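Subject: Structure handover

Hi,

Here is the structure I promised to pass on. My notes on what turned up in it follow below, and I hope they help you find your way around.

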Amino acid sequence: MRFLKLISVEEAEKILLSLGKFLPAEYVPLEDACGRILAEPITSPEDIPGFDRSIKDGYAVRSQDTLGAGENKPKLLNMTGRIAMGENTAGPIGEKEAKYIPTGGVMPKGADAVIMQEHTELAGDVLLIKTAASPGLDVLKYNEDFSKGEKVFPAGHKITAQTAGVLAAFGCDPVLVRKRPAVGIISTGNELVFPADTPKFGQIRDTNTTLIRSYMTEHGATPVFYGIIRDDAEALTPIAAKAAAECDLVILSGGSSKDEKDVTSRVIETLGKVHVHGVSVAPGKPTIIGSINDVPILGLPGHPASTYMITTLFAGPLLAKMTGAVEKPRKISAPLAMSFPSEKGREDLVRVRVTENGEAAPVLGKSGLLHTLVQSDGYIRVPAGRDGCEKGDIVEVLLW
């Protein structure tokens with residue numbers, strides 16, 4: 001068993017990703033698909049729209065009949081009818097003719113523009129046009145939105161509300177997506193109580209489980225909580241085995257440090273294999289990467305800020321590997337608002353706040369402090385080869 005034999009973040013991530021399995025696909029109703037990952041590319045099955053349609057309430061006209069129209073010199077057109085929604089029975093438009101058309105109505109043959117009602121005046125069967133219309137004004141042309149066979153979304157695309165709307169227009173219901181990763185969460189510590197409980201002296205509420213569960217939900221996984229377990233190998237072993245048998249990934253919070261009561265690595269070694277115990281990163285040095293029956297196990301430090309940072313750094317890419325998710329990281333470049341030192345030889349994850357003038361201001365604090373998470377907008381990665389950063393340095397801020 002490796003015990004705090006430090007390896008780089010890159011090496012640790014490579015090992016963890018090698019343990020992740022690509023999850024199978026399943027069909028789900030479109031109404032339940034938001035947040036899921038597409039398992040196949042999506043192409044437009046048809047031309048959309050399938051006809052020229054109005055995007056405003058108004059009058060369908062021939063643009064050439066409106067040339068020179070103005071408030072003091074309106075053009076006069078003959079009203080020849082109304083276009084009903086969902087119908088194409090109003091007939092064509094001839095020279096100096098107009099028809100009323102609602103938003104979404106089918107453009108009649110011969111018409112190439114829509115004049116809004118605000119720019120017209122109706123006098124019996126005569127329509128006064130008070131502004132000129134250019135060809136295509138307020139008209140959504142045939143296949144202007146999507147063409148049949150057009151590639152729209154790649155496999156791995158995360159379904160958003162906007163994506164779901166397009167899929168509805170394509171008739172993609174149900175939709176083929178990747179299975180949600182089931183993530184088992186086990187919290188360890190003799191001092192922990194549930195968030196709803198009142199801690200006695202020396203006890204603390206279990207914040208890490210809520211942090212991890214919320215992160216998993218935000219990133220499309222299904223969290224499965226296996227409870228708070230005391231720092232005892234006999235108690236932890238059957239729970240870890242059960243979680244590994246039922247889930248695609250197991251995360252153990254606490255019990256990874258170099259301490260006689262930290263039993264996480266011993267339990268993993270008993271049930272499977274410890275691949276990594278110790279990563280050259282701060283916060284999160286005692287991180288454990290293991291496997292039980294080919295299920296990846298991630299052992300996190302007990303401090304909340306460390307827990308969240310390591311979850312972001314390692315669990316995020318692993319979930320993407322399992323689902324094939326292709327997401328561009330949310331990041332910005334910004335100048336540092338102040339200088340700060342860094343320990344050479346390890347990678348530092350420094351939380352930062354983006355100020356009103358666009359600078360990245362480090363939110364410094366110990367790994368046990370929660371306020372560094374809520375007061376920050378993201379973090380920067382200081383490479384292991386650097387001994388600090390200087391004010392004004394341009395850094396890449398990875399946003400939460």
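Helices H4 (residues 233-246) and H5 (residues 264-271) cross in a right-handed sense; the crossing would be left-handed if the near helix were turned anticlockwise from the far one by less than a right angle, and right-handed is the clockwise case. Before going on, please note that this is a predicted model, with local features needing pLDDT of at least 70 and side-chain atom pairs counting only at pLDDT 80 or more, while totals for chains, interfaces and linings use all residues. Residues are numbered from 1 along each chain as its sequence is written, and side-chain values use heavy atoms, with hydrogens and water left out. Helices (H or I, at least four residues) and strands (E, at least two) are DSSP runs, numbered from the N terminus.

H4 and H5 pack at an angle of about 50°, and their axes are 10 Å apart. That makes H4 oblique to H5: angles under 35 degrees count as roughly parallel, over 145 as roughly antiparallel, 65 to 115 as roughly perpendicular, and the rest as oblique. The axes are lines fitted to C-alpha atoms, for helices over the stretch in contact, and angles run from 0 to 180 degrees between N-to-C directions. From H4, Ala233, Leu236, Thr237, Ala240 and Ala241 meet Thr264, Val267 and Leu271 of H5, where contact means heavy atoms within 4.5 Å. By class, this contact of H4 with H5 has six nonpolar, two polar and no charged residues. Here Ala, Val, Leu, Ile, Met, Phe, Trp, Tyr, Cys and Pro count as nonpolar, Asp, Glu, Lys and Arg as charged, and the others, Gly among them, as polar.

H4 also holds a salt bridge, between Glu246 and Lys242, whose closest N and O atoms are 2.7 Å apart. A salt bridge is a side-chain nitrogen of Lys or Arg within 4 Å of a carboxyl oxygen of Asp or Glu. Glu246 and Lys242 are four residues apart in H4, which means that about one helical turn separates them. Searching the whole structure gives eleven salt bridges.

The other helix pair is H3 (residues 208-218) with H6 (residues 304-323), packed at an angle of about 25° with axes 10 Å apart. That makes H3 roughly parallel to H6. H3 passes H6 in a right-handed crossing. On the H3 side the contact includes Leu211, Ile212 and Tyr215, and on the H6 side Tyr308, Thr311 and Ala315 are among the residues met. The residues of the contact of H3 with H6 divide into eight nonpolar, five polar and no charged.

Now for the sheets. One is an open sheet of six strands in the order S16-S13-S17-S21-S20-S18, with mixed pairing; two strands pair if DSSP finds at least two bridges between them. Its edge strands are S16 (222-229) and S18 (273-277), each pairing on one side only. Neighbouring strands in this sheet are turned by 20° against each other on average, direction ignored. Within it, S20 (residues 288-292) and S21 (residues 295-300) run antiparallel and are joined by five bridges, with Gly290 partnered by Ile297 in S21. Helix H1 (residues 9-19) lies across S18, S20 and S21, at about 20° to S20.

There is another open sheet of six strands, in the order S7-S4-S6-S5-S9-S8, again with mixed pairing. S7 (113-116) and S8 stand at the edges with a single partner strand each, so one side of each is left without a neighbour in the sheet. Here neighbouring strands are turned by 40° against each other on average, direction ignored. At one end, S4 (residues 58-61) pairs with S7 in the antiparallel sense over four bridges, and Gly58 has Met116 as its bridge partner in S7.

Which residue in S9 is the bridge partner of Leu77? It is Leu127, in the antiparallel pairing of S5 (residues 75-82) with S9 (residues 126-129) over four bridges. Leu127 is also the bridge partner of Leu122, since S8 (residues 120-123) and S9 pair in the antiparallel sense over four bridges. Ala123 stands opposite Val126 in S9. The hairpin of S8 and S9 has two residues between the strands, and Gly124 there takes a positive phi near 65°.

Best wishes
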